[in-house]
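User: Please take a close look at one part of this protein and explain how it is placed within the whole. I should like a connected account, with the criteria stated as they arise.

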Amino acid sequence: IEVSQEQVYFASLGLGEEFWPDLREGHWWRDRMGGGRGAVKPALLRQDRVVGVGNIAASEMLWMAGVHPEATLNVLSMAEWNAIAKGASRHVANTLKREDGDSLSYVNEGGSNLFHVYGKAGEGCERCGVSIERIVQSGRATFFCPSCQPSPSG
């Protein structure tokens, strides 16, 4: 297996690999997140596992995947990991497609919010119309649709 200079650099800093621009499969995500009992959304934010997933991206990726942010790592199916992988690629593609200079850079300062769930608590989900919910995980706001992303406990 050939190791790139980028991988050596990230490893020297204690960082995981970047998930983009390469298309990563579900098994890649599963292998980096581990089989712990923690919730998937905070795990996605761990830069020692995967570099580049921020708070907004994690909420958006999980919404696209239909995976609840509180689902635990050790119970996610391969189909759910594959959906997360596709959600990650879709999120980056959507973000790059709509970047217009200010809309993404200043969303937290009152700029346009072009995301699907992030910052939209109380608004209707664009897929199903159910109100987007907000919870706090590891001190960070998490946004999700309780209908499109059903609770892991049923």
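How far is the sulfur of cysteine 125 from the closest cysteine sulfur, and which residue holds that sulfur?

Analyst: The closest cysteine sulfur to that of cysteine 125 belongs to cysteine 148, at 3.8 Å, which is too far for a bond. The model is predicted: local features require pLDDT of at least 70 and side-chain atom pairs pLDDT 80 or more, while totals for chains, interfaces and linings use all residues. Residues are numbered from 1 along each chain as its sequence is written, and side-chain values use heavy atoms, with hydrogens and water left out.

A disulfide is a covalent bond between the sulfur atoms of two cysteines, and here the criterion is a pair of cysteine sulfur atoms within 2.5 Å. A search of the whole structure by this criterion returns zero disulfides. Cysteine 128 is likewise in no disulfide, its nearest cysteine sulfur being that of cysteine 145, 3.5 Å away. The surroundings of cysteine 125 and cysteine 128 may be described by relative accessible area (buried under 20%, exposed over 50%, partly exposed in between; 1.4 Å probe, protein chains only). Cysteine 125 counts as buried at 5%, whereas cysteine 128 is partly exposed at 36%.

The wider fold gives the context. The protein has five helices and four strands, taken as DSSP runs numbered from the N terminus (helices H or I, at least four residues; strands E, at least two). From the N terminus on, these elements run α-β-α-α-β-α-α-β-β. Of the 154 residues, 41% count as buried.

The interior can be described through nonpolar cores, that is, sets of buried Ala, Val, Leu, Ile, Met, Phe, Trp, Tyr and Cys residues joined through side-chain atoms within 4.5 Å. The largest core has 24 residues, and those with the most contacts inside it are Trp29, Val40, Leu44, Val53 and Ile84. At least two residues of this core come from each of H2, H3 (40-44), H4 (55-65) and H5 (78-98). Cysteine 125 belongs elsewhere: a second, separate core of 12 residues includes it together with Ile56, Phe115 and Ala141.

Phe115 also leads to the aromatic side chains. Rings of Phe, Tyr and Trp (its six-membered ring) pair when their centres lie within 6.5 Å; planes under 30 degrees apart count as stacked, over 60 as edge-to-face and the rest as tilted. The whole structure contains three such pairs. In one of them, phenylalanine 115 and tyrosine 118 meet edge-to-face, 6.2 Å centre to centre with 85° between the planes. Phenylalanine 115 is buried at 5%, and tyrosine 118 is buried at 12%. Tyrosine 118 also pairs edge-to-face with phenylalanine 143, at 5.2 Å centre to centre and 75° between the planes. Because tyrosine 118 lies in the loop between H5 and strand E3 (133-137) and phenylalanine 143 in strand E4, this pair ties together parts 25 residues apart in sequence. Phe115, Tyr118 and Phe143 thus form one aromatic cluster.

In the segment after strand E4 (140-144) lies glutamine 149, a buried residue at 0% relative accessibility. Contact here means heavy atoms within 4.5 Å. Leaving aside neighbours within four places in sequence, glutamine 149 is in contact with Leu62, Trp63, Gly66, Val67, His68, Pro69 and Phe144. The side chain of glutamine 149 reaches the backbone oxygen of leucine 62 at 3.4 Å. This is a polar contact, defined as a pair of N or O atoms within 3.5 Å; within protein, one must be able to donate a hydrogen and the other to accept it, and residues adjacent in sequence count only if both atoms are side-chain atoms.

Leu62 is also one of the partners of leucine 44, which, outside its neighbours within four places in sequence, is in contact with Trp29, Met33, Val53, Ala58, Met61 and Leu62. Two of these partners, Trp29 and Met33, are among the buried residues of H2 (26-33), the others being Gly26 and Trp28. Down the axis of H2, these buried residues fall within an arc of 160°, so they line one face of the helix; the arc is that of the directions from the helix axis to the C-beta atoms. Just after H2, glycine 34 takes a positive phi of about 75°.

Trp29 and Met61 are in turn partners of alanine 88, which also contacts Phe19, again leaving aside neighbours within four places. Alanine 88 is found in helix H5 and is buried at 1%.
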